[in-house]
Amino acid sequence: MRVLVVTAVAAEAEAVATGDPGVLPGGYALTRTPSLDVLVAGVGPAAAAAATATALTAATEPYGLVVSAGIGGGFAAHCPVGSLVVSDAIVAADLGADTPDGFLPVDALGFGRTVHLPPARLSARIAEAVGAVHAPVLTVSTVTGTAARADELTARHPRAAAEAMEGFGVAEAAAAHGVPVVEIRAVSNAVGPRDRAAWRIGEALGALRGAFQQLAPVLQEQP
């Protein structure tokens, strides 16, 4: 099974695999290795969806799995800094409408969907292999920077273990091409008040690198 790994930035891609990247239409960098390809898609769900769709369309060999991977924020009740999260659901947490009675997700409004479910057996195997929490990962367009926002997300998604900015966009593109998807996040900071001094980006990138070093046999399984 050939795997497409989608990251937001080059530092995340380099943690997954090293090599000389080629260039896809649109200028996207894609590093090819014997078992997987690593794409640098850009930040946010729209950029991630566009880049993933480009890579899937341009592929000369079909992909059996798409993995959204990178660093992200962890909900402190579930995931400390330096830990790993593998998605059992990929959730668009802020796609919807504010109302006087609270937030309404877009599917409650009758438009589209807000959740993608990875292959249950495969995502559980990945989580077990790397010692990760197996839980929902939230996709947000604005990273959480206050305790009030963190509390709001936790109230709506009590099982959520991490937030990032690309997973749902990657999942939308993968679904449009009929390819299963999973998300892997290494926690660099706590979801909540913005405190750059507490970020541990290097530690999180190291955890991401270690995870992919362990994953080669698992990623060859059929989802």
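Asp88 is partly exposed, with a relative accessible area of 21%, which puts it just past the 20% mark under which a residue counts as buried. In this predicted model, the Asp88 side chain meets that of Arg159 in a salt bridge, at 2.7 Å from N to O. The two partners come from distant parts of the chain: Asp88 belongs to strand 6, while Arg159 sits in the loop between helix 4 (147-156) and strand 11 (162-164), 71 residues away. Arg159 is partly exposed as well, at 46% relative accessible area.

That pair is one piece of a wider set, as a search of the whole structure turns up 8 salt bridges. A local case is found in helix 4, where Arg149 and Glu152 lie 3 residues apart, about one turn of the helix. Their side chains meet in a salt bridge at 3.4 Å, N to O, and Glu152 is partly exposed, with 33% relative accessible area.

Things look rather less open for Glu166 and Arg185. These two form a salt bridge whose closest N and O atoms are 3.4 Å apart. Again the pair ties together distant parts of the chain, with Glu166 in the loop between strand 11 and helix 5 (167-176) and Arg185 in strand 12, 19 residues apart. Glu166 has a relative accessibility of 7%, so it counts as buried. Arg185 is buried too, at a relative accessible area of 1%. Elsewhere, Arg2, Arg32 and Asp37 are joined into one network by salt bridges that share partners.

Stepping back to the overall fold, the protein chain holds 6 helices and 12 strands. Its radius of gyration is 16 Å, close to the 17 Å that the globule rule gives for 223 residues, so the chain is as compact as a globular protein of that length. The C-alpha trace spans about 50 × 40 × 35 Å along its principal axes. Of the 223 residues, 49% count as buried. Taking contacts between residues at least 6 apart in sequence, 78% join residues at least 24 apart.

As for the interior, the largest nonpolar core has 32 residues, and Val5, Val67, Ile126, Phe212 and Leu219 are the ones with the most contacts inside it. Both helices and strands feed this core: among the elements giving two or more residues are strand 1 (3-7), strand 5 (65-74), helix 3 (120-130) and helix 6 (201-219). Helix 6 gives the most, with 9 residues. Val5 offers a handy view of the packing. Leaving aside neighbours within four places in sequence, Val5 is in contact with Val16, Leu36, Asp37, Val38, Leu39, Val67, Ala69 and Phe212. Two of these contacts, Val67 and Phe212, are themselves listed with the most contacts inside the core, and Asp37 belongs to the salt-bridge network with Arg2 and Arg32. There is also a second, separate core of 21 residues, which includes Leu56, Tyr63, Val179 and Val181.

Not every nonpolar side chain is tucked away. The protein chain exposes about 9,600 Å², with carbon and sulfur atoms supplying 57% of that area. On the surface, Leu104, Leu109 and Phe111 form a nonpolar patch with about 270 Å² of accessible area together. Leu109 is found in the loop between strand 8 (102-105) and strand 9 (115-116). With a relative accessibility of 35%, Leu109 counts as partly exposed.

Key:
Residues are numbered from 1 along each chain as its sequence is written. This is a predicted model: local features need pLDDT of at least 70, side-chain atom pairs count only at pLDDT 80 or more; totals for chains, interfaces and linings use all residues. Side-chain values use heavy atoms; hydrogens and water are left out. Patches are made of residues with over 30% relative accessible area and no salt bridge: like charges are joined within 9 Å, nonpolar side chains (Val, Leu, Ile, Met, Phe, Trp, Tyr) within 5 Å. Accessible areas come from the Shrake-Rupley method with a 1.4 Å probe; for residues, only the protein chains shown count as cover. A salt bridge is a side-chain nitrogen of Lys or Arg within 4 Å of a carboxyl oxygen of Asp or Glu. Helices (H or I, at least four residues) and strands (E, at least two) are DSSP runs, numbered from the N terminus. Buried means under 20% relative accessible area, exposed over 50%, partly exposed in between (1.4 Å probe, protein chains only). The radius of gyration is taken over C-alpha atoms; the globule rule is 2.2 Å times the number of residues to the power 0.38. Contact means heavy atoms within 4.5 Å. A nonpolar core is a set of buried Ala, Val, Leu, Ile, Met, Phe, Trp, Tyr and Cys residues joined through side-chain atoms within 4.5 Å.
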